[in-house]
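Work through the exercises below with the model open. Try each task before you read its solution.

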Amino acid sequence: MSYAGTPGPGASLDPRDTGPQPYHRLLRNNVTPSAFVLLGALTVLVGWMFWSVLVLSIQQSIRTDPKGTVSWLGLLATNLSLIVLIPLTMIVATKLNKQTPGLLSSVTGKVRWRPLAVFGVAAVVVELVMLGVIELGGVDVLGGGSGVAPDAAGVIAVTLLTSTFQAAGEEYFFRGYLLQAVGAVVRSSLVAVLVTTVLFTMAHGVWPWESPALFLDRFAFGLVAGLLAVLTGGLEAPIAAHAANNVITFIYAALTNSVGDSLGASDAPWSLVIVDVVKFAAFGAIAVLLARKQGMATRCELPLATSLVSDRGPGRRLL
(Lines give C-alpha, C1' and ligand atoms only; values in the text may rest on other atoms or scores of the structure.)
Protein backbone atom coordinates (compact mmCIF):
# COMPACT_ATOMS: atom_id res chain seq x y z
CA MET A 1 0.00 0.00 0.00
CA SER A 2 1.18 3.54 -0.72
CA TYR A 3 1.48 5.85 2.28
CA ALA A 4 3.13 9.12 1.29
CA GLY A 5 2.26 8.95 -2.36
CA THR A 6 3.87 7.79 -5.54
CA PRO A 7 7.25 9.37 -6.42
CA GLY A 8 7.53 11.16 -9.73
CA PRO A 9 9.62 9.96 -12.70
CA GLY A 10 13.23 9.48 -11.72
CA ALA A 11 12.54 10.09 -8.05
CA SER A 12 13.32 7.64 -5.31
CA LEU A 13 11.31 6.97 -2.19
CA ASP A 14 13.10 6.68 1.15
CA PRO A 15 12.41 3.22 2.59
CA ARG A 16 11.48 4.88 5.88
CA ASP A 17 8.53 6.54 4.12
CA THR A 18 7.03 3.38 2.65
CA GLY A 19 5.42 1.89 5.76
CA PRO A 20 3.13 3.09 8.56
CA GLN A 21 4.11 6.62 9.56
CA PRO A 22 4.30 8.33 12.99
CA TYR A 23 1.95 11.19 13.83
CA HIS A 24 4.38 14.04 13.16
CA ARG A 25 4.97 12.85 9.55
CA LEU A 26 1.33 12.68 8.44
CA LEU A 27 1.26 15.97 6.52
CA ARG A 28 4.06 14.79 4.21
CA ASN A 29 3.04 13.26 0.90
CA ASN A 30 4.16 13.26 -2.71
CA VAL A 31 0.91 14.73 -3.99
CA THR A 32 1.65 18.31 -2.91
CA PRO A 33 4.98 20.21 -2.72
CA SER A 34 6.69 20.32 0.69
CA ALA A 35 6.61 24.12 0.60
CA PHE A 36 2.83 23.98 0.86
CA VAL A 37 3.13 23.30 4.59
CA LEU A 38 4.56 26.80 5.05
CA LEU A 39 1.85 28.26 2.83
CA GLY A 40 -0.71 26.33 4.83
CA ALA A 41 0.58 27.63 8.17
CA LEU A 42 0.46 31.20 6.86
CA THR A 43 -3.07 30.63 5.52
CA VAL A 44 -4.25 29.41 8.92
CA LEU A 45 -2.61 32.39 10.65
CA VAL A 46 -4.19 34.92 8.27
CA GLY A 47 -7.61 33.30 8.62
CA TRP A 48 -7.28 33.24 12.40
CA MET A 49 -6.18 36.90 12.54
CA PHE A 50 -9.09 38.01 10.37
CA TRP A 51 -11.60 36.08 12.48
CA SER A 52 -10.06 37.31 15.73
CA VAL A 53 -10.25 40.95 14.69
CA LEU A 54 -13.90 40.46 13.73
CA VAL A 55 -14.89 38.69 16.97
CA LEU A 56 -12.93 40.99 19.28
CA SER A 57 -14.24 44.09 17.47
CA ILE A 58 -17.80 42.94 18.04
CA GLN A 59 -17.02 42.29 21.70
CA GLN A 60 -15.40 45.71 22.09
CA SER A 61 -18.40 47.40 20.51
CA ILE A 62 -20.65 45.75 23.09
CA ARG A 63 -18.45 46.15 26.13
CA THR A 64 -14.88 47.27 26.82
CA ASP A 65 -13.36 45.65 29.88
CA PRO A 66 -11.40 47.92 32.23
CA LYS A 67 -7.62 47.51 31.96
CA GLY A 68 -6.40 44.42 33.79
CA THR A 69 -9.81 42.77 33.95
CA VAL A 70 -11.64 40.27 31.76
CA SER A 71 -15.40 39.85 31.86
CA TRP A 72 -17.34 36.76 30.84
CA LEU A 73 -17.93 38.45 27.47
CA GLY A 74 -14.22 39.10 27.00
CA LEU A 75 -13.44 35.49 27.85
CA LEU A 76 -16.11 34.31 25.43
CA ALA A 77 -14.68 36.45 22.62
CA THR A 78 -11.17 35.15 23.31
CA ASN A 79 -12.34 31.54 23.26
CA LEU A 80 -14.38 32.01 20.09
CA SER A 81 -11.39 33.57 18.35
CA LEU A 82 -9.34 30.43 19.05
CA ILE A 83 -12.00 27.79 18.40
CA VAL A 84 -11.92 28.74 14.72
CA LEU A 85 -8.48 27.10 14.51
CA ILE A 86 -10.16 23.68 14.48
CA PRO A 87 -12.01 24.06 11.15
CA LEU A 88 -9.26 26.25 9.69
CA THR A 89 -6.51 23.68 10.20
CA MET A 90 -8.72 20.85 8.92
CA ILE A 91 -9.72 22.74 5.79
CA VAL A 92 -6.17 23.79 4.97
CA ALA A 93 -4.78 20.30 5.60
CA THR A 94 -7.33 18.55 3.40
CA LYS A 95 -7.81 21.15 0.64
CA LEU A 96 -4.34 22.67 0.29
CA ASN A 97 -2.11 19.81 1.48
CA LYS A 98 -4.46 17.06 0.20
CA GLN A 99 -4.13 15.20 3.49
CA THR A 100 -6.52 12.31 4.13
CA PRO A 101 -9.32 13.76 6.33
CA GLY A 102 -8.96 13.04 10.02
CA LEU A 103 -5.20 12.64 10.17
CA LEU A 104 -4.77 15.87 12.12
CA SER A 105 -6.77 14.22 14.91
CA SER A 106 -4.88 10.95 15.11
CA VAL A 107 -3.08 8.23 13.18
CA THR A 108 -6.40 6.38 12.88
CA GLY A 109 -8.00 9.22 10.91
CA LYS A 110 -10.48 10.20 13.61
CA VAL A 111 -10.78 11.37 17.20
CA ARG A 112 -10.52 8.37 19.52
CA TRP A 113 -13.33 9.34 21.88
CA ARG A 114 -12.90 6.72 24.58
CA PRO A 115 -9.19 7.46 25.12
CA LEU A 116 -10.04 11.18 25.06
CA ALA A 117 -12.52 10.63 27.89
CA VAL A 118 -10.00 8.54 29.85
CA PHE A 119 -7.30 11.18 29.41
CA GLY A 120 -9.81 13.87 30.37
CA VAL A 121 -10.68 12.21 33.67
CA ALA A 122 -7.00 11.66 34.47
CA ALA A 123 -6.16 15.28 33.62
CA VAL A 124 -8.93 16.66 35.83
CA VAL A 125 -7.83 14.47 38.73
CA VAL A 126 -4.22 15.65 38.38
CA GLU A 127 -5.40 19.27 38.19
CA LEU A 128 -7.51 18.94 41.34
CA VAL A 129 -4.70 17.22 43.27
CA MET A 130 -2.30 20.01 42.35
CA LEU A 131 -4.91 22.65 43.21
CA GLY A 132 -5.12 21.03 46.64
CA VAL A 133 -1.32 21.22 46.92
CA ILE A 134 -1.45 24.91 46.02
CA GLU A 135 -4.15 25.68 48.57
CA LEU A 136 -2.77 23.57 51.42
CA GLY A 137 0.84 24.43 50.71
CA GLY A 138 0.28 28.17 50.52
CA VAL A 139 1.73 28.37 47.02
CA ASP A 140 1.58 31.84 45.47
CA VAL A 141 -0.91 32.17 42.60
CA LEU A 142 -1.45 34.67 39.81
CA GLY A 143 -3.14 37.87 40.94
CA GLY A 144 -4.18 39.05 44.34
CA GLY A 145 -7.92 39.15 43.89
CA SER A 146 -10.16 38.61 46.87
CA GLY A 147 -13.66 37.28 46.99
CA VAL A 148 -15.70 36.10 44.02
CA ALA A 149 -15.71 37.88 40.65
CA PRO A 150 -18.89 39.93 40.15
CA ASP A 151 -19.68 37.97 36.98
CA ALA A 152 -18.40 34.62 38.29
CA ALA A 153 -21.49 32.73 37.13
CA GLY A 154 -21.01 34.02 33.58
CA VAL A 155 -17.28 33.24 33.57
CA ILE A 156 -17.88 29.72 34.83
CA ALA A 157 -20.63 29.14 32.25
CA VAL A 158 -18.39 30.38 29.42
CA THR A 159 -15.54 28.25 30.72
CA LEU A 160 -17.61 25.07 30.88
CA LEU A 161 -19.20 25.63 27.47
CA THR A 162 -16.26 26.87 25.41
CA SER A 163 -12.86 26.43 27.08
CA THR A 164 -12.53 22.79 26.04
CA PHE A 165 -13.04 23.77 22.39
CA GLN A 166 -10.67 26.73 22.77
CA ALA A 167 -7.99 24.39 24.09
CA ALA A 168 -8.68 21.98 21.22
CA GLY A 169 -8.26 24.86 18.76
CA GLU A 170 -4.78 25.61 20.04
CA GLU A 171 -3.88 21.93 19.99
CA TYR A 172 -5.08 21.42 16.41
CA PHE A 173 -2.85 24.28 15.33
CA PHE A 174 0.31 23.83 17.42
CA ARG A 175 0.38 20.06 18.10
CA GLY A 176 -1.60 19.26 14.97
CA TYR A 177 -0.88 21.31 11.87
CA LEU A 178 2.40 22.93 12.91
CA LEU A 179 3.86 19.74 14.40
CA GLN A 180 3.03 17.85 11.20
CA ALA A 181 4.23 20.77 9.05
CA VAL A 182 7.66 20.70 10.69
CA GLY A 183 7.59 16.90 10.55
CA ALA A 184 6.99 17.10 6.81
CA VAL A 185 10.46 18.57 6.32
CA VAL A 186 12.32 17.29 9.42
CA ARG A 187 12.26 13.58 10.19
CA SER A 188 13.16 13.88 13.87
CA SER A 189 10.11 13.94 16.14
CA LEU A 190 12.15 15.65 18.87
CA VAL A 191 13.11 18.53 16.58
CA ALA A 192 9.48 18.91 15.46
CA VAL A 193 8.32 18.99 19.08
CA LEU A 194 10.98 21.50 20.14
CA VAL A 195 10.29 23.86 17.23
CA THR A 196 6.54 23.88 17.82
CA THR A 197 7.08 24.26 21.58
CA VAL A 198 9.12 27.41 21.00
CA LEU A 199 6.47 28.74 18.60
CA PHE A 200 3.73 27.94 21.14
CA THR A 201 5.59 29.81 23.89
CA MET A 202 6.27 32.78 21.63
CA ALA A 203 2.60 32.91 20.59
CA HIS A 204 1.73 33.52 24.25
CA GLY A 205 3.96 36.61 24.25
CA VAL A 206 6.37 35.14 26.77
CA TRP A 207 10.13 35.71 26.48
CA PRO A 208 12.77 34.21 28.81
CA TRP A 209 14.43 37.58 29.49
CA GLU A 210 11.10 39.10 30.53
CA SER A 211 9.84 36.29 32.75
CA PRO A 212 11.98 33.15 32.98
CA ALA A 213 9.40 31.52 35.25
CA LEU A 214 6.41 32.06 32.98
CA PHE A 215 8.48 31.13 29.93
CA LEU A 216 9.41 27.83 31.57
CA ASP A 217 5.76 27.22 32.51
CA ARG A 218 4.49 27.65 28.94
CA PHE A 219 7.49 25.85 27.45
CA ALA A 220 7.05 22.86 29.78
CA PHE A 221 3.40 22.47 28.81
CA GLY A 222 4.16 22.75 25.09
CA LEU A 223 6.96 20.20 25.39
CA VAL A 224 4.81 17.65 27.24
CA ALA A 225 1.85 18.18 24.88
CA GLY A 226 4.06 17.77 21.80
CA LEU A 227 5.67 14.60 23.12
CA LEU A 228 2.26 13.18 23.99
CA ALA A 229 0.98 13.81 20.45
CA VAL A 230 3.87 11.73 19.09
CA LEU A 231 3.89 9.05 21.78
CA THR A 232 0.11 8.49 21.73
CA GLY A 233 -0.38 9.00 18.01
CA GLY A 234 -2.86 11.87 18.22
CA LEU A 235 -4.24 14.96 19.91
CA GLU A 236 -6.47 13.31 22.51
CA ALA A 237 -4.00 13.52 25.42
CA PRO A 238 -2.80 17.08 24.62
CA ILE A 239 -6.40 18.30 24.29
CA ALA A 240 -7.35 16.66 27.60
CA ALA A 241 -4.39 18.24 29.40
CA HIS A 242 -4.97 21.68 27.90
CA ALA A 243 -8.72 21.65 28.47
CA ALA A 244 -8.48 20.44 32.06
CA ASN A 245 -5.84 23.07 32.85
CA ASN A 246 -7.92 25.90 31.38
CA VAL A 247 -11.25 24.82 32.86
CA ILE A 248 -9.88 24.39 36.39
CA THR A 249 -7.81 27.57 36.12
CA PHE A 250 -10.68 29.81 35.05
CA ILE A 251 -13.22 28.37 37.45
CA TYR A 252 -10.70 28.98 40.23
CA ALA A 253 -10.03 32.48 38.84
CA ALA A 254 -13.76 33.26 38.81
CA LEU A 255 -14.04 32.23 42.45
CA THR A 256 -11.03 34.35 43.44
CA ASN A 257 -11.71 37.38 41.20
CA SER A 258 -8.48 36.92 39.22
CA VAL A 259 -9.68 36.18 35.68
CA GLY A 260 -7.78 39.12 34.20
CA ASP A 261 -4.58 38.08 35.97
CA SER A 262 -4.88 34.52 34.71
CA LEU A 263 -5.63 35.43 31.09
CA GLY A 264 -3.15 38.29 30.78
CA ALA A 265 -0.31 37.03 32.97
CA SER A 266 3.09 38.59 32.26
CA ASP A 267 4.93 36.88 35.10
CA ALA A 268 4.45 33.99 37.51
CA PRO A 269 5.83 33.03 40.93
CA TRP A 270 8.45 30.27 40.81
CA SER A 271 6.58 28.21 43.40
CA LEU A 272 3.53 28.04 41.13
CA VAL A 273 5.67 27.23 38.08
CA ILE A 274 7.34 24.34 39.91
CA VAL A 275 3.91 22.91 40.77
CA ASP A 276 2.83 23.35 37.15
CA VAL A 277 5.91 21.63 35.73
CA VAL A 278 5.45 18.70 38.10
CA LYS A 279 1.78 18.56 37.11
CA PHE A 280 2.54 18.53 33.39
CA ALA A 281 5.21 15.86 33.80
CA ALA A 282 2.96 13.73 36.01
CA PHE A 283 0.10 13.84 33.53
CA GLY A 284 2.48 13.09 30.68
CA ALA A 285 3.71 9.93 32.40
CA ILE A 286 0.18 8.86 33.31
CA ALA A 287 -1.07 9.50 29.76
CA VAL A 288 1.69 7.38 28.21
CA LEU A 289 0.86 4.51 30.58
CA LEU A 290 -2.86 4.84 29.82
CA ALA A 291 -2.16 4.89 26.07
CA ARG A 292 -0.13 1.70 26.31
CA LYS A 293 -2.77 0.02 28.46
CA GLN A 294 -5.43 0.88 25.87
CA GLY A 295 -3.24 -0.34 23.02
CA MET A 296 -3.46 2.98 21.16
CA ALA A 297 -1.95 3.04 17.67
CA THR A 298 1.00 5.38 17.22
CA ARG A 299 1.59 4.82 13.48
CA CYS A 300 -0.75 5.47 10.58
CA GLU A 301 -1.87 2.56 8.42
CA LEU A 302 -3.96 4.82 6.11
CA PRO A 303 -2.94 6.53 2.86
CA LEU A 304 -1.64 9.99 3.72
CA ALA A 305 -3.04 11.80 0.68
CA THR A 306 -6.68 12.18 -0.31
CA SER A 307 -5.98 11.13 -3.89
CA LEU A 308 -4.66 7.78 -2.67
CA VAL A 309 -7.87 6.93 -0.83
CA SER A 310 -9.58 6.06 -4.10
CA ASP A 311 -6.77 3.59 -4.81
CA ARG A 312 -8.17 1.30 -2.15
CA GLY A 313 -10.93 0.21 -4.51
CA PRO A 314 -14.72 0.54 -4.47
CA GLY A 315 -16.57 -0.51 -1.36
CA ARG A 316 -13.47 -0.55 0.88
CA ARG A 317 -13.68 1.62 3.99
CA LEU A 318 -10.82 3.52 5.56
CA LEU A 319 -11.94 3.07 9.16
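**Exercise 1. The overall fold**

Count the helices and strands of the protein chain, and give their order.

Solution.
- The model is a predicted one.
- The chain has 11 helices and two strands.
- Read from the N terminus, the elements run β-α-α-α-α-α-α-α-α-α-α-β-α.
- Next, take burial: of the 319 residues, 48% count as buried.
- Last, take contacts between residues at least 6 apart in sequence: 82% of them join residues at least 24 apart.

**Exercise 2. One helix and its buried residues**

Describe helix α6, find its buried residues and say where around the axis they lie.

Solution.
- Start with length. Helix α6 covers residues 189–203, which is 15 residues.
- From first C-alpha to last, α6 reaches 21 Å, close to the 21 Å expected at 1.5 Å a residue.
- Now list the buried residues of α6: A192, V193, T196, T197, F200 and T201.
- They cover an arc of only 160° around the axis, so they sit on the same side of α6.
- A general rule helps here. An α-helix has 3.6 residues a turn, so residues three or four places apart point the same way.
- What do these buried residues pack against? Their partners are α5 (152–185), α7 (212–232) and α8 (236–255).
- Check both ends. At the start of α6, a side-chain oxygen of S188 comes to within 3.3 Å of the backbone nitrogen of L190.
- After α6 comes G205, with a positive phi near 65°.

**Exercise 3. Aromatic rings**

Trace the aromatic pairs that involve F174, and name the cluster they belong to.

Solution.
- A general point comes before the search. A pair of aromatic rings is described by the distance of the centres and the angle of the planes.
- The structure holds six aromatic pairs.
- One of them joins F173 and F174: 5.0 Å centre to centre, with 70° between the planes, an edge-to-face pair.
- Both F173 and F174 are buried.
- F174 also pairs with F200. The centres are 5.2 Å apart and the planes stand at 85°, so this pair is edge-to-face.
- This pair links distant parts of the chain: F174 is in helix α5, F200 is in helix α6, and 26 residues separate them.
- Are F174 and F200 buried or exposed? Both are buried.
- Now widen the view. F173, F174, F200, F221 and F280 form one aromatic cluster.
- Add a charge to the picture: the charged end of R175 sits over the ring of F200, 4.2 Å from the ring centre.

**Exercise 4. Loop residues**

Examine K98, T100 and N257, and state the setting of each one.

Solution.
- A general background first. Most residues other than glycine have a negative phi.
- K98 lies in the loop between α3 and α4. Its phi is near 60°, a positive value in a residue other than glycine.
- K98 has 37% relative accessibility, so it counts as partly exposed.
- T100 is also in the loop between α3 (85–96) and α4 (113–137).
- Is T100 buried or exposed? Its relative accessible area is 1%, so T100 is buried.
- Which atom does the side chain of T100 reach? It reaches the backbone oxygen of P303, at 2.6 Å.
- N257 is in the loop between α8 and α9 (259–263). N257 is not a glycine, yet its phi is positive, about 55°.
- The relative accessible area of N257 is 35%, so N257 is partly exposed.

**Exercise 5. Contacts across the chain**

Place A167 and L272 in their helices, and list their contacts beyond four places in sequence.

Solution.
- A167 is in helix α5. Its relative accessible area is 0%, so A167 is buried.
- Leaving aside neighbours within four places in sequence, A167 is in contact with H242, A243 and N246.
- The C-alpha atoms of A167 and L85 are separated by 10.0 Å, with their places 82 residues apart along the chain.
- L272 is in helix α10 (residues 270–293). With a relative accessible area of 11%, L272 is buried.
- With neighbours within four places in sequence left aside, L272 is in contact with I134, V139, D140, V141 and L142.
- L272 and G138 are 134 residues apart along the chain, and 9.9 Å separates their C-alpha atoms.

How values were computed
Residues numbered from 1 in each chain as written. Predicted model: local features only at pLDDT ≥ 70, side-chain atom pairs only at ≥ 80, totals over all residues. Heavy atoms only, no water. Expected span 1.5 Å × (residues − 1). Buried < 20%, exposed > 50% of the residue type's maximum accessible area, 1.4 Å probe, protein only. Arc of directions from axis to C-beta. Contact = heavy atoms within 4.5 Å. Polar contact = N/O pair within 3.5 Å; in protein donor to acceptor, adjacent residues only side chain to side chain. Phe/Tyr/Trp six-rings, centres within 6.5 Å; stacked < 30°, edge-to-face > 60°. Lys NZ or Arg CZ within 6 Å of the ring centre and 35° of its normal.
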